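Reader: Could you take me through how the parts of this complex meet one another?

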2 protein chains.
Amino acid sequence: MSTGNGRAPYRPGAEGARPSKGERTRARVLDSAAELFSRSGFNAVSLRDIAAHAGLTHAGLLHHFPGKDRLLLEVLERRDLIDARELFPGLLRPGSPAPEPARRLRLLLELVARNSRTPGLVALYAKVSAEATDPDHPAHAYFARRYRYLRTELTGIVADLQRAAGTGDAVDPGVVAGQLLALMDGLQTQWLLEPEAVPMEALVRDFLDRLGLLPTDDPEATAGPETGDGAGTESGDGAEAGGVSR
Amino acid sequence: MSTGNGRAPYRPGAEGARPSKGERTRARVLDSAAELFSRSGFNAVSLRDIAAHAGLTHAGLLHHFPGKDRLLLEVLERRDLIDARELFPGLLRPGSPAPEPARRLRLLLELVARNSRTPGLVALYAKVSAEATDPDHPAHAYFARRYRYLRTELTGIVADLQRAAGTGDAVDPGVVAGQLLALMDGLQTQWLLEPEAVPMEALVRDFLDRLGLLPTDDPEATAGPETGDGAGTESGDGAEAGGVSR
DNA sequence: GTCTATAAGTGGATAGAC
DNA sequence: GTCTATCCACTTATAGAC
C-alpha cells in the first residue's frame with residue numbers, strides 16, 4: 001500500500017532528440033497539472049480541469065497517464081529533476097555524488113531566492129506535502145523519503161560548514177538541519193499568505209549567519225550567475241548580505 | 001469575498017447552564033468535523049462523512065450550519081478558544097491583554113509540547129493553512145489575520161525576553177519572531193511524516209536557547225501544572241532542559 | 001493519439017414530511 | 001430537530017469510433 005511498486009518510466013527518448021507528438025502532449029499536461037495543483041492542491045483539482053487547461057479532453061489525458069495519482073508523482077519528480085538536480089542529486093538517483101559544501105550552501109540560498117520568484121511551485125509543495133501527511137495519500141511515500149533524505153543531506157552540509165568555519169561542534173548539525181528544513185518550509189506558508197511581510201531569503205541567511213555558517217563577506221554567495229535562466233537574480237527586498245539583524 | 005461579513009454566533013447559553021439538545025448536536029458535529037478535517041484536509045472530506053461520523057444525516061447537519069465553509073471556520077475558532085485563549089488572547093478578541101512575557105514563553109513551550117501529543121489538531125492546521133494559501137479558500141482571511149497577529153505578538157514577546165535577559169538588541173525581534181513561527185510550523189509537517197525523527201519541543205527550545213531567551217535553568221519552565229487537563233506533561237523524548245545541542 | 005458517449009458514483013444544497 | 005427524497009453539477013474511469 002505504501003511501498004509504491006510501479007515507478008514512473010520517464011523516457012525522454014535520448015537527450016536532445018526532438019520529442020514526438022505524444023511526448024509534447026505529456027509535457028503540456030504536466031505543465032498544466034503543476035500549475036493547477038499549485039493553485040488549489042491535489043484534491044481540489046480534477047482531471048477535467050487539467051485536461052482542459054492543456055487543451056485536450058480528460059479521456060485523452062488518461063491515455064498518457066494511468067490515473068490522477070501517477071500524474072501527481074510525475075509532476076513532483078519532474079520538479080526535483082529540474083530544480084534540485086545539482087543540490088540534492090540523491091533525490092532522483094540515491095547515492096549520487098554531491099558538490100562540495102560551500103557550493104551546496106550557495107545553491108541552497110539560490111534555491112530559496114528562486115522560490116521567492118515562483119509562488120506556484122512553492123504553493124505546490126506546501127499544499128501537497130501537507131496533504132501527504134496522511135498515510136493514505138498517494139504521495140505519502142514520496143514525501144516521507146524526501147524529508148528523510150533532506151534531513152540527512154542537510155546534516156552533512158551543516159557539519160562540513162562547521163568544520164570549514166571552525167565553529168566547533170557546540171551545536172549538533174542534525175539539530176540545525178532539522179531546524180533549517182522546518183524554517184524553509186514554514187516560511188513558505190507565511191510568505192504565500194503575505195509575500196511582502198516575509199523576506200524568505202533574508203530570514204534564512206540570518207539564521208545561518210547567527211550560526212557562523214555563512215562565508216564572511218563573499219559577494220559571490222549573494223548572486224550566482226549559474227542557473228541557466230539568465231535574469232539578474234535581483235533580491236528585491238534589499239536585504240544586507242549577512243542577514244537582517246541590526 | 002474575503003471580508004467575511006457574517007460571524008459565527010457561538011451562543012453557549014450562559015456559562016454553566018446545561019446545553020440544549022441542539023447545542024449538544026452542534027458540538028458533536030464540530031468534534032467530528034475537526035477529526036475528519038484533521039485526517040484528510042478540508043477539500044477531501046464531505047459533509048456526508050462528517051454527518052455520518054456524528055450520527056446524523058447530512059441534511060440534519062445543514063440545519064445547524066449554513067454550509068461547509070462556515071463549519072470549517074467554527075472548527076478553527078473553537079480550537080483557538082480552547083487552545084490559545086491565554087497565550088494569544090487577541091486571536092478571538094482583538095486588543096485583549098496578555099500575560100507577562102516569562103509566562104507567555106512558558107505557555108508557548110507548553111503549546112508545542114501539547115501539540116506533540118495531539119497529531120490530529122496539528123494535522124488540521126498544517127493541512128488547512130496550506131490550502132488556505134489560495135485567496136479563494138474559505139479560510140484565507142482567517143489565516144492571513146492569524147499569521148499577521150501571531151508575528152506581531154511573537155515580536156513583542158521576543159523583544160520583552162531580550163530586555164529581561166539583557167541580550168541586547170543585536171538580533172531583530174521581528175526577524176526572530178518570523179523565524180520562530182516558521183520553525184514551529186515547519187516542524188509540524190516533518191513531525192507528522194516521521195514523529196520519532198523530529199522532537200519538536202527540543203528543537204524549538206534549542207532555537208530559543210541559542211538566542212539566550214530561555215531562563216537559565218528554571219525547572220518550572222519545563223513542566224507547568226497549569227493547563228487544566230491534568231496529565232503529567234511527560235516530555236517523552238528525554239531532551240535536556242536547555243535543548244539538544246552537544 | 002485523441003475524440004464522443006456513457007457508466008457509475010459523490011459532491012453540496014434544498015423542500016417538505018414527521 | 002431530524003429525517004427522506006430529490007436536484008444538479010461534477011468526479012474518475014471505460015468503451016469504442018475516428
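The questions below concern the DNA surface and the contact between the chains.

Author: This is a predicted model in which local features need pLDDT of at least 70 and side-chain atom pairs count only at pLDDT 80 or more, while totals for chains, interfaces and linings use all residues. Residues are numbered from 1 along each chain as its sequence is written, chains are lettered from A and ligands numbered from 1 in the order in which they are written, and side-chain values use heavy atoms, with hydrogens and water left out.

Reader: How many residues surround DNA strand D?

Author: A residue is near the strand if one of its heavy atoms lies within 4 Å of it. The closest are Arg48(A), His58(A), Thr25(B), Thr57(B) and His64(B). The number surrounding DNA strand D is 17 residues.

Reader: How far is a phosphate oxygen of DNA strand D from a polar backbone atom of Thr57(B)?

Author: In chain A, a polar side-chain atom of Ser46(A) lies 3.1 Å from a phosphate oxygen of the strand, and a polar backbone atom of Leu47(A) is 3.0 Å from a phosphate oxygen. For the backbone atom of Thr57(B), the distance is 2.8 Å.

Reader: Which residue of chain A forms a salt bridge with Arg148(B)?

Author: A salt bridge is a side-chain nitrogen of Lys or Arg within 4 Å of a carboxyl oxygen of Asp or Glu, and chains A and B have four salt bridges between them. In the one formed by Arg148(B), the closest N and O atoms are 2.8 Å apart, and the partner is Glu194(A).

Conventions: A polar contact is a pair of N or O atoms within 3.5 Å; within protein, one must be able to donate a hydrogen and the other to accept it, and residues adjacent in sequence count only if both atoms are side-chain atoms.
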